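Hi everyone, thanks for coming. I'd like to walk you through one structure today, so please have the sequence and the 3D view open.

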Amino acid sequence: SGIIDLENSLTRLIENKAPTQEITKVKVLLISSLLALDNIQKAEVYVNSWISSNPKSITNKLLLVQLERRKPSPDDNKIQKIYHSVLLTDEYNLVANLYFTNMFTKLGEYSSAEKYINKAIEKHENNITIAKSYLNVQEQLIGKDKAFNQLISRYANYEDSFETRLVLAQIYLIENQAEKVIELLATAQVPSHIEAANVKIILADANMTIGQFSNAIAIYQSLITKDVLNDRVIKNLALAYEKSNNVSEAVTTFEQLHLEYPANTQIGLLLSNFYIFNKQPELSIKYIETLTAEQQNHPIVSGLKGKAYYFSEQCSKALPLLASSYQVTKNGKLMPYIFDCHIQNNNKIEATRIMEQHILEHPKETASRIYYANELHKYDKQSAIVQYKEVIAEDKKNILALNNIAWLLYEAGELDKAKKYIDIAIKLAPENPDVRDTLDKITQALNK
């Protein structure tokens, strides 16, 4: 009966020549209701009838695309034909042009993709998704630097339009030019029709990029109000505290947030994580045990509880929770704890097996590899050297790996090789006491 009522409402709107906006709302509601009932076929009949009566309606055609995508086996040829018909009505249509841009990009046919993204950016240059796609396509055709400069030149009039200024700032952020972002937005007056919170988030992200964590924290905190509790802002606030290594202040801030929003699980779990690193794992466990059984069984929560048990030196309780969480999430940050629990249980064989399997599946994940190399350092120095070399191959500026491989080579009497590694480390971290000590030992040995 609800579907019939919606249909009747739609019919009345059309007969009374209601505004297109009102008609569209009822159409979308009708189709959404049918989809909720898994009746795609009936929804398709409605949309096709609307297209028949109004062949140039882009809204109806885009609805038809969404219906096709909801099918178990979408017909890509049909979707392409619909989008082509959209472009016959509106050659600059954002959605259709972006579809073909992405399609040809995936096929590696960048010249074809260029044709569509050029149409899109001609009318929608203040859309960041279009700008990013344009940059991606042009990078393949003319190179990264030329593509970036070409894109930036499109926004030379940013002082005349805040929307243009905002997209330009986002482009700079994507290209890790955070200083430019701050220059563009820090003192700019945000017009009333622009969501000021979005501008602040971009500014905070830019401060994070250049290590201005206190500025980022202040901006993120200013965005948390009783009316607005943005999950992304809360997550980024926690990340800013984590990167600043200001754990005690993070605990204070998130305890206050937890008092204000006791039902917000995200805040509670982030606080629990900070408790662990503030050497208060028992408080983390205490909070997690206030959650429902279903919440505690969530892989992320069980992993956090396992980590809390690990830091409270209860490996027997930590290991099953960490292992079950890792099995689902494949979170590499859990692997060092799992590995160490097996070591503490005198199960070196199993520790080695799971760690080698992990780094085989995630060869670019250097943190676990370093942890493994540090353990190998104790009893298999040659294998440790191999692992440190793998780390350096992935991260040429990894101070810990450079220093440790230099030390192992020094101990093995391979002084010339050791000197090459420590020279790189000392250039990167001239004030690091461990690096300086290793350099002194190698230099003294070479001068004997």
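Let's begin with a charge and a ring. If you find Arg 154, you'll see that its charged end sits over the ring of Tyr 134, 5.6 Å from the ring centre. Before we go on, please keep in mind that this is a predicted model. There is another arrangement of this kind at Lys 348, whose charged end sits over the ring of Tyr 379. Here the distance to the ring centre is 4.0 Å.

Now for rings with rings. How many aromatic pairs does a search of the whole structure find? The search gives 15. Let me take you to one of them, Tyr 310 with Phe 311. Their ring centres are 5.2 Å apart and their planes stand at 85°, and because an angle over 60 degrees counts as edge-to-face, that is what we call this pair.

Tyr 310 also pairs with Tyr 337. In that case the centres lie 5.0 Å apart and the planes are at 50°, so the pair is tilted. What I like here is where the two partners come from. Tyr 310 belongs to helix 19, residues 299-311, while Tyr 337 belongs to helix 21, residues 335-344. The two are 27 residues apart, and the pair links distant parts of the chain.

Are these two tyrosines buried or exposed? Both Tyr 310 and Tyr 337 are buried. For Tyr 310 the relative accessibility is 14%, and it counts as buried because the cut-off is under 20%. Phe 311, on the other hand, has a relative accessible area of 34%, which makes Phe 311 partly exposed.

One more aromatic item before we move on. Tyr 83, Tyr 99, Phe 100, Phe 104 and Tyr 116 together form one aromatic cluster, so do highlight those five if you have the viewer handy.

A quick word on cysteines. The structure holds 0 disulfides. Two cysteines to look at are Cys 315, buried at 8% relative accessible area, and Cys 341, buried at 0%.

Let's turn to the pockets. The largest one has a volume of about 1000 Å³, and 31 residues line it. Which of them lie nearest its centre? They are Glu 242, Asn 273, Lys 307, Asn 331 and Lys 333.

And which helices build that lining? At least two residues each come from helix 14 (231-244), helix 16 (265-277), helix 19, helix 20 (315-329), helix 21 and helix 23 (366-376). Helix 19 supplies the largest share, 7 residues. You've met helix 19 already, as the home of Tyr 310. Sorted by class, the lining of this pocket has 17 nonpolar, 9 polar and 5 charged residues.

The second largest pocket holds about 240 Å³ of space. It is lined by 11 residues, and the ones closest to its centre are Ile 23, Lys 27, Asn 54, Ser 57 and Asn 60. Helix 2 (20-36), helix 3 (40-53) and helix 4 (58-70) each give at least two residues to the lining, with helix 2 giving the most at 4 residues. By class, the lining of the second largest pocket comes to 3 nonpolar, 7 polar and 1 charged.

While we are at helix 4, have a look at Ile 58, which lies in that helix. Ile 58 is buried, at 19% relative accessible area. The C-alpha atom of Ile 58 is separated by 8.8 Å from that of Ser 85, 27 residues apart along the chain.

Last stop, the backbone. Two asparagines are worth a click. Asn 176 has a phi near 60°, a positive value in a residue other than glycine. You'll find Asn 176 in the loop between helix 10 (162-174) and helix 11 (178-185), and with a relative accessible area of 59% Asn 176 is exposed.

Asn 245 also has a phi near 60°. Its place is in the loop between helix 14 and helix 15 (247-260). At 65% relative accessibility, Asn 245 counts as exposed. Helix 14, just mentioned, is also among the helices that line the largest pocket.

That's my tour. Thanks for listening, and I'm happy to take questions.

Terms used. Residues numbered from 1 in each chain as written. Predicted model: local features only at pLDDT ≥ 70, side-chain atom pairs only at ≥ 80, totals over all residues. Heavy atoms only, no water. Phe/Tyr/Trp six-rings, centres within 6.5 Å; stacked < 30°, edge-to-face > 60°. Buried < 20%, exposed > 50% of the residue type's maximum accessible area, 1.4 Å probe, protein only. Lys NZ or Arg CZ within 6 Å of the ring centre and 35° of its normal. Disulfide = S-S within 2.5 Å. 1 Å grid on protein atoms, 1.4 Å probe; cavity = no way out; pocket = protein on both sides within 12 Å on 5 of 7 lines; lining within 4 Å. Points joined across faces, edges and corners; volume = space filled by probe spheres on them. Nonpolar A, V, L, I, M, F, W, Y, C, P; charged D, E, K, R; others polar.
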